[in-house]
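Visitor: I'm new to this structure and would like a close look at a single part of it. Could you pick one helix and walk me through it and its surroundings?

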Amino acid sequence: SLGLILVVIAGAELFTGNTLIVMGFIEGRVRARELLKGWTIVYLGNLVGSLVMVLLMYYTAQWGFHGAMVGGKALLIANAKVNMSFLEAFMRGILCNVLVCLAIWLAFSGRSTIDKILAVIFPITAFVASGFEHCVANMYFVPMGLVLKGQPDVLAAAQGMAGQPIMLGNLTIAGFLVKNLIPVTLGNIIGGSLLVGGIYW
């Protein structure tokens with residue numbers, strides 16, 4: 001929940017939350033060109049920010065904690081994300097952003113910082129616990145897996161946790177884009193813009 005709390009309270013821009021701007025488009029206050037421009041800028045900004053975080057976290061070497069089990073878990077998460085079907089990733093993306101945008105919608109009702117934090121915690125906890133897919137989170141998780149898969153200690157720890165050899169054939173840049181980022185992004189757009197923004201409008 002911390003990520004969205006920081007976005008809501010500190011006033012940052014998050015692509016998935018910005019799908020709610022569709023309400024302004026429906027109202028005629030935001031033109032299609034402005035909507036798409038805003039989404040593009042924020043999406044690319046979120047991608048750059050995520051990749052910078054991968055770099056920073058990699059050099060903390062925290063992935064080596066507990067016999068590289070921290071890195072092993074990160075590798076298993078990344079690998080699972082690139083081994084879903086397009087439809088599965090798409091549907092998980094829809095349901096994820098329904099909850100993310102509902103968290104933002106609820107936070108709009110808060111008058112104090114504590115109100116806003118409490119409004120965010122439960123929907124975000126639900127989406128994470130349900131295993132739904134968030135494109136911006138995945139901009140961090142999968143690239144982190146990509147940089148860790150070349151670490152023998154991490155691979156050994158991941159295989160130990162999995163209890164079997166793990167296949168990393170889809171854990172590539174192409175696999176990330178095609179098997180995860182594209183379908184999840186499309187699902188996030190539909191979940192936030194239509195199922196929350198459109199319906200509440």
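Guide: Let's start at Gly38, which is found in helix H4. Gly38 counts as partly exposed because its relative accessibility is 28%, a value between the 20% that bounds buried residues and the 50% that bounds exposed ones. Please keep in mind that this is a predicted model. Gly38 and Phe132 are 94 residues apart in sequence, and their C-alpha atoms are 25 Å apart in space.

Now the helix itself. H4 covers residues 32-60, which makes 29 residues. From its first C-alpha to its last it reaches 42 Å, close to the 42 Å expected at 1.5 Å a residue.

Next to Gly38 in the numbering you will find Trp39, one of the buried residues of H4. The others named with it are Leu35, Val42, Tyr43, Asn46, Ser50 and Val54. Look at how these numbers are spaced along the helix. An α-helix has 3.6 residues a turn, so residues three or four places apart point the same way. As for what lies against them, the buried residues of H4 pack against helix H2 (15-18), helix H3 (22-27), helix H8 (135-148) and H10.

Two of these partners deserve a visit. Take H3 to begin with, where Ile26 lies. Ile26 is partly exposed because its relative accessible area is 34%. Leaving aside neighbours within four places in sequence, Ile26 is in contact with Gly198 and Trp201. Ile26 and Trp201 are 175 residues apart in sequence, yet their C-alpha atoms are 8.0 Å apart in space.

The other partner is H10, made of residues 173-200. Thr185 has its place in this helix and counts as buried because its relative accessibility is 10%, where the limit for buried is under 20%. Not counting residues up to four places away in sequence, Thr185 touches Phe15, Tyr43 and Cys135. You have already met Tyr43 among the buried residues of H4, so here is a named contact to look for in the model, between Thr185 and Tyr43. A polar atom of the Thr185 side chain also lies 2.6 Å from the backbone oxygen of Leu181.

Right after Thr185 comes Leu186, likewise found in H10. Leu186 is partly exposed because its relative accessible area is 40%. Together with Phe86, Ile173, Leu177, Val178 and Ile182, Leu186 makes a nonpolar surface patch of about 560 Å². H10 gives the most to this patch, with five residues.

Let's return to H4 and follow the chain past its end. Just after H4, Ala61 takes a positive phi of about 60 degrees, although Ala61 is not a glycine. Most residues other than glycine have a negative phi. Ala61 sits in the loop between H4 and helix H5 (65-81), and it counts as partly exposed because its relative accessibility is 37%.

A little further along, His66 has its place in H5. The phi of His66 is near 55 degrees, again a positive value in a residue other than glycine. His66 is exposed because its relative accessible area is 64%, with the limit for exposed set at over 50%.

Conventions:
Residues are numbered from 1 along each chain as its sequence is written. This is a predicted model: local features need pLDDT of at least 70, side-chain atom pairs count only at pLDDT 80 or more; totals for chains, interfaces and linings use all residues. Side-chain values use heavy atoms; hydrogens and water are left out. Patches are made of residues with over 30% relative accessible area and no salt bridge: like charges are joined within 9 Å, nonpolar side chains (Val, Leu, Ile, Met, Phe, Trp, Tyr) within 5 Å. Accessible areas come from the Shrake-Rupley method with a 1.4 Å probe; for residues, only the protein chains shown count as cover. A salt bridge is a side-chain nitrogen of Lys or Arg within 4 Å of a carboxyl oxygen of Asp or Glu. Helices (H or I, at least four residues) and strands (E, at least two) are DSSP runs, numbered from the N terminus. Buried means under 20% relative accessible area, exposed over 50%, partly exposed in between (1.4 Å probe, protein chains only). A polar contact is a pair of N or O atoms within 3.5 Å; within protein, one must be able to donate a hydrogen and the other to accept it, and residues adjacent in sequence count only if both atoms are side-chain atoms. Contact means heavy atoms within 4.5 Å. The expected span of a helix is 1.5 Å times one less than its number of residues.
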